[in-house]
Amino acid sequence: MAIFPQTRTAEPLLHRDAWTGPRPVGRRLPSLRHIGPNWYASVMGTAIVASAGAALPVDVPGLRRACTVVWALSAVLLAAVLTARAGHWLHHRDQARAHLLDPAVAPFYGCLSMALLAVGGATLTVGADVIGVRAALAVDVVLFVAGTAVGLVAAVVVPYLMVVRHRPAPGTASPVWLLPLVAPMVSASQGALLVPHVAAGQGREALLLACYATFGLSLLATLVVLPLVFARLVHHGPLPLALTPTLFLVLGPLGQSTTAVNQLADAAPGAVADPYASAFGAFAVLYGVPVMGFALLWLALAAAMVFRAMRDGMGFAMTWWAFTFPVGTCVTGAAGLARHTGLDALTWLAVALYVFLVVAWLVAGARTVRGVVSGALTAAPVPPSAATARTR
């Protein structure tokens, strides 16, 4: 993600955003200088395949074992990307600071939080089969605390920078803006898994209510940004081809919030007394069903826009990872609703979405590996003027 001269709008910067696809470059050694925070999306997208598979309300032979393998891969990916990003900050501090001041890149710092939380949650739900419950719980606690702290900081710092430094022009709202805002929602859902492991009393109740607080923080912030994104589409037309898959990011807060209310409802009876525990259970269904309905509407709209972009020549880009984690949250959300309502229709919805998730993950993963091996995804992006000249 090379940084060119700063402008007042994020739109001209899309040509140099690392979410854009591979350039026609020759083979070269990978450079840490161009490994941006968006690479954490590959970790999130891998971890959610394991978590969502474990959450499915059906028994598929061999699925649990496959999810364990995917969890191990997500842990390795997290270590690799963390190492690469540490090297980026150590050896390319100018580029790292420029990323924070770039309205097209700064929102991706929310991905660090979600990567930590996603791997932590998968460790507790799937990795415990390999390393044991005690070790899995210890890993999850560390990653949950770190991920939540990073997420809360990003949820404040990125909007602050947008106001005082980025100043995006009217009509340039992007689904990417949701990334730092949805991170606390991931904390809400993953924190619910830890509630039963806290000693009964004030501590357990405090954690449960803190998760509901982060749920509200993320939900209300999303309700502020989402209308801006839709207004941009209506008034300014489709997103650039490489950014079209980011429309799937809207599914993140929708599916994750549905997942959160269902998992928190499961944890509530041991943390708070009636009538609140029963009310949380009712809220999970009363909130989750309408939101899942809207998520399916947005999924259809986003898919139509992606098919349109593919017809117009959209090639592979790192944005394709947006097909994974957001869809995975819809899988876990539908699975939670199926668990609380007993409806077979919701069970099959979760299964269908999971099939889509696995296919999307396999495609995005294979294309990313190819791009890393060829050096196309780690090379310096081509400036717009050079790219234009090359196509002539």
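**Helix α8 and the aromatic pairs**

In this predicted model, helix α8 is mostly covered, with 15 of its 17 residues buried.

Visitor: How far apart are the end C-alpha atoms of helix α8, and what span should its residues give?

Guide: Helix α8 runs over residues 251-267, and its 17 residues at 1.5 Å a residue should span 24 Å. The end C-alpha atoms agree with that expectation, being apart by 24 Å.

Visitor: Is the aromatic pair of Phe248 and Phe356 stacked or edge-to-face?

Guide: The whole structure holds ten aromatic pairs. In the one formed by Phe248 and Phe356, the centres are 6.2 Å apart and the planes differ by 5 degrees. Since planes under 30 degrees apart count as stacked, the pair of Phe248 and Phe356 is stacked.

Visitor: Which parts of the chain does this pair link, and how many residues apart are they?

Guide: Phe248 lies in the loop between α7 and α8, whereas Phe356 belongs to helix α11, residues 344-374. The pair thus links distant parts of the chain, its members being separated by 108 residues.

Visitor: Is Phe356 buried or partly exposed?

Guide: Its partner Phe248 is buried, with a relative accessible area of 2%. For Phe356 the relative accessible area is 36%, and because buried means under 20% and exposed over 50%, Phe356 counts as partly exposed.

Visitor: Which residue has its charged end over the ring of Trp320?

Guide: Trp320 belongs to one aromatic cluster together with Phe248, Phe316, Phe323 and Phe356. Over the ring of Trp320, 5.7 Å from its centre, sits the charged end of Arg367.

How values were computed
Residues are numbered from 1 along each chain as its sequence is written. This is a predicted model: local features need pLDDT of at least 70, side-chain atom pairs count only at pLDDT 80 or more; totals for chains, interfaces and linings use all residues. Side-chain values use heavy atoms; hydrogens and water are left out. Helices (H or I, at least four residues) and strands (E, at least two) are DSSP runs, numbered from the N terminus. The expected span of a helix is 1.5 Å times one less than its number of residues. Buried means under 20% relative accessible area, exposed over 50%, partly exposed in between (1.4 Å probe, protein chains only). Rings of Phe, Tyr and Trp (its six-membered ring) pair if their centres lie within 6.5 Å; planes under 30 degrees apart count as stacked, over 60 as edge-to-face and the rest as tilted. A charge sits over a ring if NZ of Lys or CZ of Arg is within 6 Å of the ring centre and within 35 degrees of the ring normal.
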